[in-house]
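Walk through this model one region at a time. Keep the sequence beside the 3D view as you read.

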Amino acid sequence: MQRNRLDASRARADTRQWVQDRRTRTRHLIELGGLVHKAGLVDLLDDDRATLLGAFLDIANQLRIGEEGDDRNPQQLAAAWRRRGLRAFDADKEAIAMAPPSDRVKNNVRAEKNLRLPPDETPA
């Protein structure tokens, strides 16, 4: 048991560049997965990863060439998505602030049950 703790401590303190880069990439990927969860896609699609990938490919295609019937260019589309995401983050912060202290989890973890995404107010 003590040896495992020592090994884990050494692993956390490893300062080699490739280890730091791997940790940074891992953290980034975990955060992106959290966004997929926060958007409710995992539950809506019953964790169907092929459908999620298809949706992401469609989003990437919209950003590359635009969407049929949409007057917005890819930059305008991305800006609209960004505004909606920022509103969702703000709503999440408000939900956490409004939750009783006993419902708040350490390190400001989201209070998803109280989160209500605002409607998209994108100008046409």
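**From a capping contact to the pocket**

A polar atom of the Asn73 side chain lies 2.9 Å from the backbone nitrogen of Gln75. Keep in mind that the model is predicted. Asn73 is found in the loop between H4 and helix H5, which spans 74-98. How exposed is Asn73? Its relative accessible area is 34%, so Asn73 counts as partly exposed; the partly exposed class runs between the 20% and 50% limits.

Now step back along the chain. Leu63 sits 10 residues from Asn73 in sequence, and their C-alpha atoms are separated by 8.1 Å. Leu63 also belongs to a surface feature. Together with Leu53, Phe56, Leu57, Ile59 and Trp81, Leu63 makes a nonpolar surface patch of about 530 Å². Which element gives the largest share of this patch? Helix H4, residues 49-65, does, with 5 residues.

Take Phe56 as one example from the patch. Phe56 is found in helix H4. Its relative accessibility is 36%, and therefore Phe56 counts as partly exposed. Patch members need over 30% relative accessible area.

Next, move to the loop that precedes this helix. Asp46 lies between helix H3 (41-44) and H4. Asp47 lies in the loop between H3 and H4 as well. Look at the backbone here. Asp46 is not a glycine, yet its phi is positive, at about 50 degrees. Asp47 is not a glycine either, and its positive phi is about 60 degrees. Are these two residues buried or exposed? Asp46 counts as exposed because its relative accessibility is 67%; the exposed class begins over 50%. Asp47 has a relative accessible area of 39%, so Asp47 is partly exposed.

Finally, turn to the empty space. The largest pocket has a volume of about 950 Å³. It is lined by 22 residues, and the closest to its centre are Leu35, Ala39, Leu41, Ile59 and Trp81. Which elements give two or more residues to the lining? They are helix H2 (17-38), H4 and H5. The largest share comes from H5, with 8 residues.

Two names tie the pocket to the patch. Ile59 and Trp81 are among the residues closest to the pocket centre, and Ile59 and Trp81 also help make the nonpolar surface patch. Helix H4 links the two features too: H4 gives the patch its largest share, and H4 is one of the elements that give two or more residues to the pocket lining.

Terms used
Residues numbered from 1 in each chain as written. Predicted model: local features only at pLDDT ≥ 70, side-chain atom pairs only at ≥ 80, totals over all residues. Heavy atoms only, no water. Patch = residues over 30% accessible without salt bridge, like charges linked within 9 Å, V, L, I, M, F, W, Y side chains within 5 Å. Areas by Shrake-Rupley, 256 points an atom, 1.4 Å probe, with all protein chains shown as cover. Salt bridge = Lys/Arg side-chain N within 4 Å of Asp/Glu carboxyl O. Helix = DSSP H or I, 4+ residues; strand = E, 2+ residues; numbered from the N terminus. Buried < 20%, exposed > 50% of the residue type's maximum accessible area, 1.4 Å probe, protein only. Polar contact = N/O pair within 3.5 Å; in protein donor to acceptor, adjacent residues only side chain to side chain. 1 Å grid on protein atoms, 1.4 Å probe; cavity = no way out; pocket = protein on both sides within 12 Å on 5 of 7 lines; lining within 4 Å. Points joined across faces, edges and corners; volume = space filled by probe spheres on them.
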